[in-house]
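Trainee: Got a minute to go through this one with me? I'd like to start with the strands and then jump around.

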Amino acid sequence: MQNFTSFDPIPTPYRGPKPVRVLFDESHSESWTISHQRAEEINPDDSINSSYQSAAESLTIRDCACFRNIDQPLVAETLQGIDLLVLIHPCDPQWEQTTSPNSPRLSDDEIQSIHSFVELGGSLLIVTEYEHDKYGDNLNELLSRWKIHIENNTVHDRACFAHENHAWILSESTSTPQGKSIAHLATRACFYQAGSCSVSGEAALVRQASSSAHPAHAGLIAVASPQKGRVAVVTDSRIFGDEFIHAFDHQALWLNLIHWLSVPAYSRHTWGSHGFKADETQNTPEWISLKETVNAFRKLQNPDGSIEVAHHAQANMSIDAILQCIPRLTARFPHQSDYWPALETDLRTWRDGGFQKADFKQSLEHFQPQKNRREGMEHLSLFPMYTPNGSLQIRLEAILFRTPWPEWIASLEKTRFTNQKFVPGELIDYTDGYQSDCAVLFPETVSISGKPVNTFGTIFCDREAQRLLHYTKQAVSTLSLVIPPRVEALLSSPVLAQQTLELWDLIHDQAHSLGELPFDPFMIRQRSPYWMYSLEELRVDLRAFGEAHRMSQSEFPFAEYVTYAILFDRIFRFPIVGTRIRNYDGLGGQLLFSFLHQKGIIRWCDNQLTIDWINLPKAITELEDEIVLLYRNAADSSKISFWLDAHDLVSRYVKPNIASQWKKESRAIKSEEDPAQWLKLILDDEFPLGQFHLNLQKKISKS
């Protein structure tokens, strides 16, 4: 990438990932610059009408790195490494103060280079003006390939206008899919003396004038998606300038346009220079041998992890092979130097004891990945354990994983969501038990004697992200849900989804210990009705949604992705994945969906799902408040009363099984003396799926 003039973002407490590189061209006599200082130089009497600095700043505090091109031709070499090229009103200097004395015309080489740039996956934003032809550019020559044409006119509207000026026209979104998407939270937009544009072929208008305008329904913003790239044309430049970017819903419209244009860049998103380096651990003979040996050993184990005497000779050979692999692997994991000798001792003790119930407490106490939270740090774990959501049978498992720990996550954990036990993970390779849906590694799942330790919690964000993308994409398509451009960006990028899950899990994990709580917020060691676990996990995610929403509105806009991930994973994936045997995650998703549906936030009508995005955060808070009140009252209630009140809360929104003996109308609970007896009355599917999710499940399973 060329050494462009950098654009320094405004200071922010946390600097999230920057997957989109935006180049603002200022070498073709543009009327606007993203530097207010430069705007003062070229237009000292009216610098605000030459500055796009606020628009650029709104990108740099989000996912974009912005640059200025002062003097380089827009050819292939210049555009290499750029994701989005922006041309803001190239203009002959006789008409306006401009960034350079150069011609506003693009050379033949530049047009050819921009065509190739877009069709290979780059994106282009052109902003122009009314009476287009007089400005001396050749933008129509550039755009003709994509069936967009800038008209030479001025749009007026004597019915829909602002500030008593018929040229300040109020626009409306079109009914095209792109129009609905780019209109997300941007219903009001005023164009200040705009021209119009027309489209043909696969190009589309996304913003237009009203029916009373002249010309009626004049195109104001057009888009196209040629091959791998995207193009947008805006016919008024003042709408996103410093003077008007914060008027009406202009900033939301600007951000929607940029995110829509940037989707190809998100799909190319990689970890970047500070990301993970290729590591060959999983391809070494030592790891391959360890993995194969452990997989063979697993087949000898009983459900409780023990091994019959008849298989001891084979098991002994496997343990010997494992003990031979360990010394050859330890050099790759020097930070686990305390773990290896303890692991060898536990393996020998288990073997010497005849492979009865395993006790790996000593090695577990020395396996502490939370002490080595560094970007790309690899860890190897070997324990007899069960895999949550996969199997309750204890098996020996070997897991190779790395820790994603970018600077922004480290900063958030240190300053806002302090949790020294939190360890995000990315799976590299693993034995057969993790062929399941299991996405966690918890100390509580390791086979030990005595009380479980709780020193760390690893959540495999890559696996969670894969599931989020898989089910959300299918649900969005099946339900004809129009998604905001930022959601399209999220769904196009596995890396962005994984980074989103890292932040979600960081907030979620800390939230288990905050707020109105029962005595054991995780309820790991309690025998409680499964809906209690549903409510706890949902409470924590609703709290995480609120935290992420507040952050997204102020110091860390990246957190907005977390709100989308929570919503879609909860209402789409959770209810339809897994069995109906006391599926507490599924029930939590059912409850959230039903609450939002009954409140009118989610609507299922005409075979299309719509979401009231404006009122969604408020509704999320309302449900969180109901659960918090339930918890608060629990301090003054008996255990049984707490369970019954919780059942009633869920039942307000999710219909219980008609055979339920816990629902109010047919409640069989008559005493508080022995709570365990009433647990036996809980049906495996105490809260069956509603018709919406049953049909969604069928449709997705067929796709």
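Trainee: What stands opposite leucine 380 in strand 18?

Mentor: Leucine 380 has leucine 400 of strand 18 opposite it. Bear in mind that this is a predicted model.

Trainee: And which residue in strand 18 is the bridge partner of methionine 385?

Mentor: Arginine 395 is the bridge partner of methionine 385.

Trainee: How many bridges join strand 17 to strand 18, and which way do they run?

Mentor: There are 10 bridges between strand 17 and strand 18 (residues 391-403), and the two run antiparallel.

Trainee: What is the strand order in that open sheet?

Mentor: The order is 17-18-19-21-20, so to speak from one edge to the other, for 5 strands with mixed pairing. Strand 17 (377-387) and strand 20 (440-441) are the edge strands, each pairing on one side only.

Trainee: Is strand 17 largely enclosed or open, and why?

Mentor: Strand 17 is largely enclosed by the rest of the structure, because 10 of its 11 residues are buried.

Trainee: Which helices pack on the sheet?

Mentor: Helix 10 (residues 339-352) packs on the sheet and touches strand 17 and strand 18. The direction of helix 10 makes about 25° with that of strand 17. Helix 15 (residues 494-511) also packs on the sheet, touching strand 19 (422-430) and strand 21 (457-460). The direction of helix 15 makes about 135° with that of strand 19.

Trainee: Back to helix 15. At what angle do the axes of helix 14 and helix 15 cross?

Mentor: The axes of helix 14 (residues 485-492) and helix 15 cross at roughly 100° and come within 5 Å. That makes helix 14 roughly perpendicular to helix 15.

Trainee: Which residues meet there?

Mentor: From helix 14, Ala489, Leu490 and Ser492 meet Pro494, Leu496, Ala497 and Thr500 of helix 15. By class, that contact has 5 nonpolar, 2 polar and no charged residues.

Trainee: Another pair, then. How do helix 18 and helix 20 pack?

Mentor: Helix 18 (residues 584-598) packs against helix 20 (residues 639-653) at an angle of about 50°, with the axes 8 Å apart. Helix 18 is therefore oblique to helix 20. On the helix 18 side the contact uses Leu587, Leu591, Ser594, Phe595 and Gln598, and on the helix 20 side Leu649, Val650, Arg652 and Tyr653. Those residues divide into 6 nonpolar, 2 polar and 1 charged.

Trainee: Changing topic: how many disulfides are there?

Mentor: A search of the whole structure finds 0 disulfides.

Trainee: Is cysteine 325 buried or exposed?

Mentor: Cysteine 325 counts as buried, at 1% relative accessibility. Cysteine 605 is partly exposed, with a relative accessible area of 36%.

Trainee: Where does asparagine 372 lie?

Mentor: Asparagine 372 lies in the loop between helix 11 (361-366) and strand 17. At 12% relative accessibility asparagine 372 counts as buried, since the cut-off is under 20%.

Trainee: What does asparagine 372 touch?

Mentor: Leaving out residues up to four places away in sequence, asparagine 372 touches His335, Met377 and His379.

Trainee: Last one: which strands does strand 2 pair with?

Mentor: Strand 2 (residues 20-25) pairs with strand 3 (residues 64-69) in the parallel sense over 6 bridges. Valine 22 stands opposite cysteine 66 in strand 3. Another 4 bridges join strand 2 to strand 4 (residues 84-88), again parallel, and leucine 23 has leucine 85 of strand 4 as its bridge partner. Strand 2 is mostly covered, with 5 of its 6 residues buried.

Definitions and conventions:
Residues numbered from 1 in each chain as written. Predicted model: local features only at pLDDT ≥ 70, side-chain atom pairs only at ≥ 80, totals over all residues. Heavy atoms only, no water. Axes fitted to C-alpha atoms, helices over the stretch in contact; angles between N-to-C directions. Parallel < 35°, antiparallel > 145°, perpendicular 65-115°, else oblique. Contact = heavy atoms within 4.5 Å. Nonpolar A, V, L, I, M, F, W, Y, C, P; charged D, E, K, R; others polar. Pairing = 2+ DSSP bridges. Buried < 20%, exposed > 50% of the residue type's maximum accessible area, 1.4 Å probe, protein only. Disulfide = S-S within 2.5 Å.
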